[in-house]
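User: I would like a close look at one part of this model, set in the context of the rest of the chain. Please take the structure below as the starting point.

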Amino acid sequence: MRNRLHGSLALAALAGLVALAACQKKAAPEGDTGAGAAPADTAMTAPSTPDTATTSSAGEPAQISVTNAMPHPMVVKGDWGQGEQELGSVEGNETKSFDVDAPAGSQVTLTATDKDASHSTSGAVTLESATPASWTIQ
């Protein structure tokens, strides 16, 4: 009985070692697709996106023209249903256009804040395909 117990334990230990060896199999070098080659570990990364919200799903970016009637710069953020995104800064008494990755007809909520976050204003525009939507910071 004792020999049978030792034999079962040895078999269980061997099975565990085989499973462990299979889990620790080295990743195959890049391009190696031979039999038994394990895929290399890859980190999950988000797809790369441009620095600004550009290139609409329709191929042409919609535009928003923002005029800052304030004497100081304002940081402009927009939300078109995918969370608020910073579009950029508009200097005092200047106008700047921003490309937005949203289809024509989409409503965009805009927020402008000064650098000290002491003044903020918001509004909404509807994107058009042929002409930029306009918003004035007041």
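How many bridges join strand E5 to E6, and in which sense do the two strands run? Please also describe strand E1 and its surroundings in detail.

Analyst: Strand E5 (residues 107-114) is joined to E6 by seven bridges, and the two run antiparallel; here two strands pair if DSSP finds at least two bridges between them, and strands are DSSP runs (E, at least two residues), helices being runs of H or I of at least four residues, both numbered from the N terminus. Within this pairing, Val108 stands opposite Val125 in E6.

This is a predicted model, in which local features need pLDDT of at least 70 and side-chain atom pairs count only at pLDDT 80 or more, while totals for chains, interfaces and linings use all residues. Residues are numbered from 1 along each chain as its sequence is written, and side-chain values use heavy atoms, with hydrogens and water left out.

The chain as a whole has one helix and seven strands, which follow the pattern α-β-β-β-β-β-β-β along the sequence. E5 and E6 belong to an open sheet of four strands in the order E3-E2-E5-E6, with antiparallel pairing. Its edge strands, each pairing on one side only, are E3 (85-90) and E6 (120-126). The twist in this sheet averages 25° from one strand to the next, where axes are lines fitted to C-alpha atoms (for helices over the stretch in contact) and angles run from 0 to 180 degrees between N-to-C directions.

E1 lies in an open sheet of three strands, with the order E4-E1-E7 and mixed pairing. The edge strands are E4 and E7, each of which pairs on one side only, and the twist here averages 25° from one strand to the next. The pairing of E1 (residues 62-68) with E4 (residues 94-100) is antiparallel and extends over seven bridges, whereas E1 and E7 (residues 133-137) pair in the parallel sense over five bridges. Ile64 takes part in both pairings: Phe98 stands opposite Ile64 in E4, and Ala133 is the bridge partner of Ile64 in E7. Asn68, for its part, has Glu94 as its bridge partner in E4.

E1 is mostly covered, with five of its seven residues buried; buried means under 20% relative accessible area, exposed over 50%, and partly exposed in between (1.4 Å probe, protein chains only). Ser65, which lies in E1, counts as buried because its relative accessibility is 14%. Leaving aside neighbours within four places in sequence, Ser65 is in contact (heavy atoms within 4.5 Å) with Thr95, Lys96, Ser97, Pro132, Ala133, Ser134 and Trp135. In a regular strand the side chains alternate between the two faces of the sheet.

The largest nonpolar core, a set of buried Ala, Val, Leu, Ile, Met, Phe, Trp, Tyr and Cys residues joined through side-chain atoms within 4.5 Å, holds 20 residues, of which Ile64, Val66, Val76, Leu110, Leu127, Trp135 and Ile137 touch the most other members. Two or more residues of this core come from each of E1, E2 (74-79), E3, E4, E5 and E7. Leu110, again leaving aside neighbours within four places in sequence, has contacts that include Ile64, Val76, Leu87, Val125 and Trp135.

Of the 138 residues of the chain, 25% count as buried. Among contacts between residues at least 6 apart in sequence, 51% join residues at least 24 apart.
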